[in-house]
Amino acid sequence: MGIISWIVLGLLAGAVAKLLLPGRDPGGFIGTTVIGIAGAFTGGWISARYLDRPIASHFYDGATWAAAIGGSLVLLVAYRILFGHSRR
């Protein structure tokens, strides 16, 4: 997959992560989108590096999607923990 595919996957993974973890985000829609893209890259890297599960070269692989959504969820939770209290 190319960089554009990872960005599109990250946008979709960020949307799925937001659906799985509803609530107010400190960054709003733009922040969640950026977190989704970063989560896709992070999840793919962790999957390939530490879980010995290389990411497939096609867009419709379930493991690729799971890694992207998992990475997005982890980054979204970390972002809420670090910056969530500033908008009360």
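**A tour from helix H1 to an aromatic pair**

Start by selecting Ile 4 and Leu 19: these exposed residues (over 50% relative accessible area, 1.4 Å probe, protein chains only) sit on the face of H1 turned away from its buried side. Helices here are DSSP runs of H or I with at least four residues, numbered from the N terminus. You are looking at a predicted model, in which local features need pLDDT of at least 70, side-chain atom pairs count only at pLDDT 80 or more, and totals for chains, interfaces and linings use all residues. Residues are numbered from 1 along each chain as its sequence is written, and side-chain values use heavy atoms, leaving out hydrogens and water.

Next, turn H1 around and pick Trp 6, Leu 9, Gly 10, Ala 13, Gly 14 and Ala 17, which are buried (under 20% relative accessible area). They lie on the same side of H1 because they cover an arc of only 145° around the axis, taken from the directions from the helix axis to the C-beta atoms. Now show helix H2 (28-49) and helix H3 (62-83), which are included in what covers these buried residues (contact means heavy atoms within 4.5 Å).

Finally, move to Tyr 50. How many aromatic pairs does a search of the whole structure find? It finds 1: Trp 45 and Tyr 50, edge-to-face, 5.5 Å centre to centre with 90° between the planes. Rings of Phe, Tyr and Trp (its six-membered ring) pair if their centres lie within 6.5 Å; planes under 30 degrees apart count as stacked, over 60 as edge-to-face and the rest as tilted. Tyr 50 is exposed at 55% relative accessible area, while Trp 45, at 48%, is partly exposed (between the 20% and 50% limits).

How values were computed. Helices (H or I, at least four residues) and strands (E, at least two) are DSSP runs, numbered from the N terminus.
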